[in-house]
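Let's explore a protein model together, one question at a time. Keep the structure open beside you as you read.

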Amino acid sequence: MQLRSIEQEAHEFQQLDTKLVGLKVEKQTLPLWEGLKAMQFLDQEIQQREIEHEELQTQLSENRRESERVEEILEDLKRTLSSDKRVERENELKKQREWLCNGLATTQASRHTYETLAKILRLSVPQDSPAFIQNLAHIQSMQEKFRIRVDSLEDERIDQTNELTKCNQELQNLNAQLQTMGNKETNIPYKYLLAREQLCQELGLQEQDVPFLGELIQLRQDCLEYEAGTNGILRSLALTLLVQPYHLESIVSYLWEHPLELPLEIRRIEEKQISPTDQKKEEEPKLIDDDEQIFLEDLPTPNRLDLMLETRPDYPYSNFIKTLLEQEIPYYLSTNPLELLETDNRFGSCSLLHAKSYFRKGATETAEWQILGWDAQKKRTRLQERMGQLSDLKQEIEGILEDLRRESKLLADKKAASDRILEFKQFKEIDTDSLENRQEILDDQLIALRNEMNDLSALQEQAHHTKLLLDTLSSEKEKLTLNLGSNNKEKELEIRDRKTYSEQLSSFDLAQYQDYIEGLASRNSLPSTFGSLEQIKKVRMELQVKLDTRINELSQAREQARKKVETLMDHFVRPNQKLLQTYPTWTSDVSDLRPDTEALDMFLALQHKLEAEDLPRFKERFENMRSRQMKSDIINFNVALRQWDRHIRENIAELNESLSSIVYQQQPQTRIKLTLEKIQDTQIKQFNTLLGAAIPDVGANLQGNDKNLEIANNRFFEATKTLLEALKADELFCKKVLDVRRWFVFAVEEYDPLSEKQVRYYQDSAGISGGQKAKLAYTILAAAIAHQFDVFNSSNVSRSFRFVIVDEAFSKSDDENSRYAMDLFKNMDLQLMVVTPKDKVNLVEPYIKSVQITTCNDGQHSFVHSLTKETFKEELSRQ
């Protein structure tokens, strides 16, 4: 049962394999079908072009004869008309009128331009020369006014722009302050608040127990104009923590053990809490006696810094703060830098401070410059109000700037208009009335003259129609000439395409493939006629995609069938334990069998033996296996030879592309290219005929008829046997026909690059000198190097590797051709190492930069000596 299952699955596997081989052969035949159909189509098209060409030539000849006849009639009419003096007078008047019309058109355009410019400048258009001159004088005076107003507008624009810049800067500063403040209750920078929060958490303190001095003081309302300067001067003092004496020890111990990321100053409060009565007394005005000035403490706008500040009302240690401020900032306000410079203990509203021994400038440009004050909400409200005022001011300034821009543009337009209108120098440039009057006079003269020429009107009409007919014939001639050129061009393209297809099919014996091609067309219902090459290519591509899809499907199905067969074979070779117990000798009986489709015949033979030694059936299967393998090998062999053929053609084409960039001879300038043709050799033709006969018949495989399949197989075996016997019988014949390079005759064509005409033709080395041989060899070698290194690709110059070693290349070449080779290598920008004996050094000396001399005096040890070119020349001169 297992062998029968293997046989059934093997039969399906073999059928799939046979179909797959057939489809692959169809795919290989598809280019031949395309080539034949394309050549048939192109033959028809070329024939049709020739017919069209003859028809166009006939029409062109008829057009030429008719044109000559009409020209003669027209010349006769012209001679008749020209003999009449009235015609001559009419032509003269027409010329004058045409000249006058052209002048009038130019003047009208100038007048229109003048009117447009005058409208811009609100001027009237002059009707005579005095008014024109008066306008010029008026415009010149206007230009001076324009210049003065433009300067004034520019000054005003600069002033407003500066104001807008200041407004924007102040808005940015105020916005930065608001962003920095956020929702904080005080103005102390956030990082200092975090440091205090951490300190209080570690020591179990309340934040109100350790306030910053800046949280307890702020400027009086009447001193806010000094806010920026005061905050800059008091920044470091305002960031000082005030600590009760009983907290000082724990705080100092903490700071001793823990580092901080910012500097922190601490002051001990050295004052008892004051009573409300004492506080009330403190708030009463008192007289301050100072060497510099005498004033009441609470009088408006004090001029000493500590008195410009007020203390938070609910803070119990306000006396301590006042005393501290008196000691630390006893500075008076200065209104100018000279006063600040000459007197110490002074400060300016710009945050510049003059102490007794130093000057200090406070920072007010940072976002956190505002640090004083205990109520941030009031400050936020004040900043927001100021920002609203600045926004209104900004909008007003922008409106002014827009008005200035519009006025500037209007002035620029007027200035340009005045410059342009001053280009008109004379009234006649815009005087259209006088020209129109002259035109009317000429028109009246022409009407009067034509009334006298009624007898010539018929001849003039006839001449006019004759001229129209001649123009029509001329247009038809141009159209026919274009059609003829287009016909020739399309015919050339079709001939070129046909030649390409013919060359592609020249390597095949089409008679041997005719049945395959017809079978391919029949089985796939391909059209017999086509309307264009594109349609043929499209059908070919669609069928190729269809075949590829079918091949992939069959390949997958064949692979699945193979795996299924091999699985059954494996189960047969390695049976289960129960079967081994029943048949102990099973393993030894099947020891020669392998679970592989290559060994399928052995399984089938075993089955046939078990089924009454059915040897004929075994033989039939063996032959099927052998046939399938041999067909596959023959097909692959043929494909390999055709690929070699195509590779040679592609290499020749690539070498010719490089050779087209190399000048072979300068005077006259020529280039060379390689050519190849199919060799007319009997043995090679015999081999191709034998190979074509051995290619399997795909139609018989696909039809599935056993009798036809047997006949095709017998024919295949006989053809294959004949091919193999021919190859084995003669070793030289075998080497010759299997070397695809010997299928061609190679030659060199020297041609004129301008006319593409052949100058010389070199098929072999007979009849040319040794120098010419070397020159041809150098040029082809250079083309190969250029192709290998991609020399002529301009985008690849900077990264192209171009190192070449030339070993004794000039030993059999004359000096002229040797220099030609070196110049050629130099022009290609190659990195060259030339190995040559000393007697040829003079040839390469102009092209080298250094010399490496190799010596071997004892015949065993070699030495290399490196010399510069100059040193080497000195050594040669001494010798």
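Q: Which residues in α14 are buried?
A: This is a predicted model, and to count as buried a residue needs under 20% relative accessible area. An α-helix has 3.6 residues a turn, so residues three or four places apart point the same way. In α14, the buried residues are Gln-512, Tyr-513, Tyr-516, Ile-517, Gly-519 and Leu-520.

Q: How far apart are the end C-alpha atoms of α14?
A: Let's start with what we should expect: α14 has 14 residues, and at 1.5 Å a residue they should span 20 Å. The value computed from the model agrees with this: the end C-alpha atoms of α14 are 19 Å apart.

Q: Which residue with a positive phi follows α14?
A: Look just past the end of the helix. There you will find a residue with phi near 50°, and its name is Ser-525.

Q: Which element gives the largest share of the largest nonpolar core?
A: In soluble globular proteins, nonpolar side chains tend to be buried together. Here the largest nonpolar core has 42 residues, and Ile-6, Trp-33, Leu-533, Phe-572, Leu-600 and Phe-603 touch the most other members. The elements that give two or more residues to this core are α1 (2-82), α13 (457-505), α14 (510-523), α15 (533-573) and α18 (600-610). The largest share, 15 residues, comes from α1.

Q: How many residues are in the other core, the one with Ala-774 and Leu-776?
A: This core lies apart from the largest one. Val-806 and Leu-830 are also among its members. The number of residues in this core is 34.

Q: Which element gives the most residues to the lining of the largest pocket?
A: Rolling a probe the size of a water molecule over the atoms shows where empty space is left. The largest pocket has a volume of about 1300 Å³, and of its 40 lining residues, Glu-503, Gln-504, Phe-508, Arg-646 and Arg-649 are the closest to its centre. At least two lining residues each come from α1, α13, α14, α15, α19 (615-659) and β11 (671-678). With eleven residues, the element that gives the most is α19.

Q: How many charged residues are in the lining of the largest pocket?
A: Let's sort the lining by class. There are 16 nonpolar residues and eleven polar ones. The charged residues number 13.

Q: How many residues apart in sequence are the parts tied together by Arg-540 and Glu-34?
A: Side chains of opposite charge can pair when their charged atoms come close. Arg-540 and Glu-34 form a salt bridge whose closest N and O atoms are 2.3 Å apart, and both residues are buried. Arg-540 lies in helix α15 and Glu-34 in helix α1, so the parts they tie together are separated in sequence by 506 residues.

Q: Is Asp-43, which forms a salt bridge with Arg-498, buried or partly exposed?
A: The closest N and O atoms of this pair are 2.4 Å apart. Asp-43 lies in helix α1 and Arg-498 in helix α13, so the pair ties together parts that are 455 residues apart in sequence. Since buried means under 20%, the 34% relative accessibility of Asp-43 makes this residue partly exposed.

Q: How many salt bridges does the structure hold?
A: Some salt bridges join up into a network, such as the one that links Glu-45, Arg-49, Glu-52, Glu-490 and Glu-494. For the structure, the number of salt bridges is 43.

Note on methods:
Residues are numbered from 1 along each chain as its sequence is written. This is a predicted model: local features need pLDDT of at least 70, side-chain atom pairs count only at pLDDT 80 or more; totals for chains, interfaces and linings use all residues. Side-chain values use heavy atoms; hydrogens and water are left out. A nonpolar core is a set of buried Ala, Val, Leu, Ile, Met, Phe, Trp, Tyr and Cys residues joined through side-chain atoms within 4.5 Å. Buried means under 20% relative accessible area, exposed over 50%, partly exposed in between (1.4 Å probe, protein chains only). Helices (H or I, at least four residues) and strands (E, at least two) are DSSP runs, numbered from the N terminus. On a 1 Å grid over the protein atoms alone, a cavity is a set of points where a 1.4 Å probe fits but cannot get out, and a pocket is an open set with protein on both sides within 12 Å along at least five of seven lines; lining residues have an atom within 4 Å of a point. Grid points are joined across faces, edges and corners, and a volume is the space filled by probe spheres set on the points. Ala, Val, Leu, Ile, Met, Phe, Trp, Tyr, Cys and Pro count as nonpolar, Asp, Glu, Lys and Arg as charged, and the others, Gly among them, as polar. A salt bridge is a side-chain nitrogen of Lys or Arg within 4 Å of a carboxyl oxygen of Asp or Glu. The expected span of a helix is 1.5 Å times one less than its number of residues.
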